[in-house]
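Look at the chain below and turn the model as you read. This report walks through helices, open and closed spaces, a ligand shell and some backbone angles.

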Amino acid sequence: MRDSGKRGYRQILVGRFFSNMAGLDEIFDALYAEGRAPEEDLGSELVKRARVYNYIPRSAESEYAAALLREYRKYWRDKKQGKVSCGCASSRPTWHGIPREEIAWFPILDDSLCDGCGKCVSFCPEKVFEFTEDGSKVYIASPFDCQVGCSSCERICPRKAIAFPPREMLERMTRH
Ligand code: SF4
Ligand code: SF4
């Protein structure tokens with residue numbers, strides 16, 4: 001049961017940009033309780049429900065529908081496996097006292113270079129990467145599960161499709 005006094009939020013990848021969205025955990029809980037599986041046609045329903053708490057521009061509706069459906073698929077899979085699925089900011093450890101969601105450290109993927117070999121998927125211990133639905137490429141499924149300061153997957157990608165922010169960004173953060 002979620003704390004009704006606090007609405008959860010998740011940061012999800014919409015197209016190539018992150019979007020902070022409120023109320024997704026509550027929406028996912030309700031859909032799951034209704035027995036709604038993450039089928040393709042659920043995208044527009046997710047957009048409709050998410051609009052209650054969030055601004056979703058009409059022009060970006062299809063990108064939001066795809067992103068929300070992908071997020072709900074993860075939630076659904078975790079629930080079926082008996083795992084706690086929560087994207088709340090408070091659910092992750094802090095780094096030097098800074099909330100994890102305030103640190104933009106995660107892989108940056110050039111999907112025009114990625115050929116879907118899957119090396120990063122099997123390599124990353126934090127399960128940050130997942131295959132796209134058709135399995136032809138990967139995407140950054142759980143950016144904030146990436147260990148701050150780790151960049152090991154950059155070296156193992158044969159196509160040089162993975163990059164990271166400069167380390168100075170982290171050094172600057174610890175000085176303030
Ligand atoms: S290792 Fe590189 S090329 Fe292979 S799936 Fe990952 S990002 Fe794509
Ligand atoms: S840097 Fe490390 S933790 Fe982050 S995605 Fe790559 S392998 Fe995973």
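A residue counts as buried under 20% relative accessible area and as exposed over 50%. The model is predicted.

**Two loop lysines**

Start with K127. Its relative accessibility is 54%, so K127 counts as exposed. K127 sits in the loop between α4 (119-123) and β4. Its phi is positive, about 60°, although K127 is not a glycine.

Now take K160. This residue lies in the loop between α5 (152-156) and β6 (162-163). K160 has a phi near 55°, again a positive value in a residue other than glycine. Is K160 buried or exposed? At 64% relative accessibility, K160 counts as exposed.

The table sets out the two lysines.

| Residue | Loop | Phi | Relative accessibility |
|---|---|---|---|
| K127 | between α4 and β4 | about 60° | 54% |
| K160 | between α5 and β6 | near 55° | 64% |

**Helix α3**

Helix α3 covers residues 61-80. How far apart are its end C-alpha atoms? At 1.5 Å a residue, its 20 residues should span 28 Å, and the end C-alpha atoms are 28 Å apart, so the two values agree.

Many names appear on the list of buried residues in α3. Among them are Y64, A65, A67, L68 and L69. Charged residues such as E71, R73, K74 and D78 are on the list of buried residues too. So are Y72, Y75 and W76. What covers these buried residues includes the strands β1 (9-14), β2 (17-22) and β4 (129-131). The helices α1 (24-33) and α2 (43-50) also belong to the cover. Just after α3 comes G82, with a positive phi of about 75°.

**Helix α2**

Why is α2 described as largely enclosed by the rest of the structure? Six of its eight residues are buried, so the description follows. The buried ones are G43, E45, L46, V47, R49 and A50. Their cover includes β2, α1 and α3.

**The second largest pocket**

Next, an open space. The second largest pocket has a volume of about 640 Å³. Its lining has 27 residues, and L13, G15, R70, Y139 and I140 lie nearest its centre. Which element gives the most to this lining? Helix α3 does, with eight residues. At least two residues each come from β1, α3, β3 (108-109), β4 and β5 (138-140). By class, the lining holds 14 nonpolar, two polar and eleven charged residues.

**The cavity**

The structure also holds one cavity of 30 Å³ or more. The volume of the largest cavity is about 90 Å³. It is lined by 14 residues, and C114, C117, C120, V138 and C157 are the closest to its centre. The lining of the largest cavity divides into nine nonpolar, two polar and three charged residues.

**Around ligand 2**

Finally, look at ligand 2. How many residues surround it? There are 13, and the closest are C124, C146, C150, C153 and F164. In this shell, nine residues are nonpolar, three are polar and one is charged.

Definitions and conventions: Residues are numbered from 1 along each chain as its sequence is written. Chains are lettered from A and ligands numbered from 1 in the order in which they are written. This is a predicted model: local features need pLDDT of at least 70, side-chain atom pairs count only at pLDDT 80 or more; totals for chains, interfaces and linings use all residues. Side-chain values use heavy atoms; hydrogens and water are left out. Helices (H or I, at least four residues) and strands (E, at least two) are DSSP runs, numbered from the N terminus. The expected span of a helix is 1.5 Å times one less than its number of residues. Buried means under 20% relative accessible area, exposed over 50%, partly exposed in between (1.4 Å probe, protein chains only). Contact means heavy atoms within 4.5 Å. On a 1 Å grid over the protein atoms alone, a cavity is a set of points where a 1.4 Å probe fits but cannot get out, and a pocket is an open set with protein on both sides within 12 Å along at least five of seven lines; lining residues have an atom within 4 Å of a point. Grid points are joined across faces, edges and corners, and a volume is the space filled by probe spheres set on the points. A residue is near a molecule or strand if one of its heavy atoms lies within 4 Å of it.
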